[in-house]
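Dear colleague,

I am passing on to you the structure below, together with notes on what was found in it. Please keep it open while you read, so that you can look up each place as it is mentioned.

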Amino acid sequence: MVSAFVAGGASLMGASGAAGPLACGSRKWVGVAPHAAGSTVRGYAPARAGALRMAVAVEGFEKAPGADLSEQGHHADAMIATKVSDVMKQKGIERPVIIGVAADSGCGKSTFLRRVLNIFGAQVSKAHTPQGDFITVICLDDYHYHDRKGRKVANVTALDEKANNFTLMAAQVKALKEGKAIYKPIYNHDTGEHDPSELIEPNHLVVIEGLHPMYDPRVAELLDLSVYMDVSDEVKLSWKVQRDMAERGHTLENILASIESRKPDFAQFVDPQKKKADIVLNILPTQLVPDDKENKYLRVQMIQREAATNFAKVSIFDEGSTIDWVPCGRKLSCSYPGIKFHYGPDSYFGEDVTVLEMDGVVEKLDEMIYVESHLNNTETKFYGEMTQQLLKNPTAPGTFNGTGLFQVLIALKMREVYEKCTGRKLSVN
Ligand SMILES: Nc1ncnc2c1ncn2[C@@H]1O[C@H](COP(=O)(O)OP(=O)(O)OP(=O)(O)O)[C@@H](O)[C@H]1O
Ligand SMILES: O=C(CO)[C@H](O)[C@H](O)COP(=O)(O)O
């Protein structure tokens with residue numbers, strides 16, 4: 001019964017004030033993994049960070065498939081519960097719904113997921129993996145085989161399939177979907193080493209985000225919805241330069257060199273996932289300004305795969321037609337460079353898709369209600385919910401351009417998929 005998790009502090013929808021830290025890069029391991037609800041931990045001994053992991057017996061858990069595949073032993077303490085977790089009953093979890101969010105580093109996954117957590121009203125733990133009453137967000141970097149030094153020795157990038165333990169990833173995501181708890185490895189971006197595994201319980205909604213959620217078929221087939229964030233090279237560069245110089249202390253030369261060195265593996269191992277995604281968030285330079293060197297304005301597309309059956313495709317005005325729309329005028333204020341929408345059917349890598357596009361910026365966020373009133377199949381719970389969600393986070397990056405709009409729409413699609421997969425209706429506070 002849904003009310004069991006709507007009540008009790010973290011209201012399911014509509015709460016303001018979100019989540020703690022989210023960037024894969026800034027998470028910290030905050031202590032010894034707690035034991036599973038309803039099971040007894042016998043002699044769990046987290047190894048020193050960076051040291052060889054130890055396989056220790058934990059009652060009710062067994063070694064996970066793939067735990068021994070990391071030659072350096074980094075995944076040796078990865079485990080899976082032998083039975084369905086008591087948490088399933090305690091939280092009234094019908095069936096964990098699994099969503100994949102794929103993108104290269106610096107393409108806005110954390111920014112997007114912060115908005116998602118906010119929309120789901122989730123207060124999450126400040127541990128390495130944010131776990132809330134309703135939603136858990138797992139960073140797939142945790143399944144890197146090597147530590148940072150090890151990757152240098154093996155001469156592989158983190159994007160390479162050889163650098164990631166897909167056997168373990170698939171087994172653990174499957175276990176969560178079956179309602180079983182796991183001890184999941186941790187890759188610590190601050191140290192570049194692996195920390196002792198942490199306990200992750202199943203949850204109503206589990207998001208797996210990172211470089212490869214749709215790469216390995218064993219993982220991809222577990223996803224109820226897959227999202228790929230495709231950021232054009234120009235935009236990726238300006239976002240990454242701004243963040244890595246301001247927050248991570250890198251020099252411009254380092255950042256440019258790192259982007260260049262990642263390109264071949266990005267093209268081989270990450271980029272192809274967009275062909276399989278149910279929704280692609282495509283972020284491009286604007287066409288409204290001739291030479292926007294700073295990428296201040298963006299043209300953003302929400303590409304929805306027609307064959308995806310778990311959600312209704314969002315359209316403007318008239319489903320199925322092709323429409324160009326400049327909403328600036330009496331109902332929507334526009335300053336330079338204005339806003340332009342496009343909507344229509346298209347083909348994407350040979351697949352039928354529906355594309356919704358917004359180029360430019362909104363001047364007054366509350367006027368997005370005018371745009372919202374012309375959108376179909378948003379699956380909002382009340383008139384104006386989409387605009388309200390935008391207004392809740394006015395300072396989040398991209399709120400005034402198409403990234404904010406489509407992030408909200410995709411979060412609403414996540415909710416719709418959850419409702420469809422579980423047969424439950426979520427209430428909005
Ligand atoms: N929609 C947006 N508009 C403008 N800037 C953005 C947008 N989304 C993200 N950014 C900026 O891009 C940078 C990278 O974003 P973010 O940290 O969310 O990426 P990420 O994919 O989680 O990266 P990583 O995997 O390396 O942790 C941040 O500085 C963020 O402010
Ligand atoms: O592509 C990445 C995803 O976040 C990182 O580069 C990868 O996880 C390696 O991390 P680090 O550079 O901190 O060792």
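**Helix α5 and its surroundings**

The buried residues of helix α5 pack against the strands β2 (79-81), β3 (97-102), β5 (182-188), β6 (193-200) and β7 (205-210), and also against helix α6 (217-220). Helices (H or I, at least four residues) and strands (E, at least two) are DSSP runs, numbered from the N terminus. Two residues are in contact if their C-beta atoms, placed from the backbone, lie within 7 Å. A residue is buried if 20 or more other C-beta atoms lie within 10 Å of its own, exposed if 12 or fewer, and partly exposed in between, with the C-beta atoms again placed from the backbone.

Please bear in mind that this is a predicted model, in which local features need pLDDT of at least 70 and side-chain atom pairs count only at pLDDT 80 or more, while totals for chains, interfaces and linings use all residues. Residues are numbered from 1 along each chain as its sequence is written, and chains are lettered from A and ligands numbered from 1 in the order in which they are written.

Helix α5 itself covers residues 166-177, and its twelve residues reach 16 Å from the first C-alpha to the last, close to the 16 Å expected at 1.5 Å a residue; the expected span is 1.5 Å times one less than the number of residues. Its buried residues are L168, M169, A170, Q172, V173, A175 and L176. After the helix comes G179, which has a positive phi near 90°.

One glycine elsewhere in the chain also touches this helix: G66, in the loop between β1 (61-63) and β2. Apart from its neighbours within four places in sequence, G66 is in contact with H75, N165, T167, L168 and A171. The C-alpha atoms of G66 and N165 are separated by 7.0 Å, although the two residues are 99 residues apart along the chain. G66 counts as partly exposed because it has 19 C-beta neighbours inside 10 Å.

**The whole protein and its domains**

The protein has eleven helices and 15 strands, and buried residues make up 47% of its 429 residues. Among contacts with a separation of 6 or more, 69% join residues 24 or more positions apart.

The domain assignment, which is automatic or taken from a database, gives domain 1 (1-227) and domain 2 (278-424). Between them, 18 residues of domain 1 are in contact with 21 residues of domain 2. On the side of domain 1 that touches domain 2, the largest share, seven residues, comes from α3.

**The two ligands**

Where does ligand 1 lie with respect to domain 1 and domain 2? Both domains give residues to the shell around ligand 1, so it lies between them. The shell holds 17 residues, and the closest are G108, S110, W239, R243 and G398; a residue counts as near if its C-beta atom, placed from the backbone, lies within 6 Å of the molecule. By class, this shell has six nonpolar, nine polar and two charged residues, where Ala, Val, Leu, Ile, Met, Phe, Trp, Tyr, Cys and Pro count as nonpolar, Asp, Glu, Lys and Arg as charged, and the others, Gly among them, as polar.

Ligand 2 is surrounded by eight residues, the closest being S105, D141, R148, A158 and H189. Its shell divides into three nonpolar, three polar and two charged residues.

**Helix α11 and some backbone details**

Helix α11 (residues 402-422) has 21 residues, which should span 30 Å at 1.5 Å a residue, and its end C-alpha atoms are indeed 30 Å apart. Of these 21 residues 16 are buried, so the helix is largely enclosed by the rest of the structure. Just after α11, G423 takes a positive phi of about 75°.

Two residues that are not glycines also have a positive phi: for N295 the angle is about 55°, and for N377 it is about 60°. N295 sits in the loop between β9 (279-285) and β10 (298-305), whereas N377 is in the loop between β15 (375-376) and α10 (385-392). Finally, the peptide bond from Y336 to P337 is cis, with omega near 5°, and P337 lies in the loop between β12 (323-325) and β13 (339-348).

With best wishes
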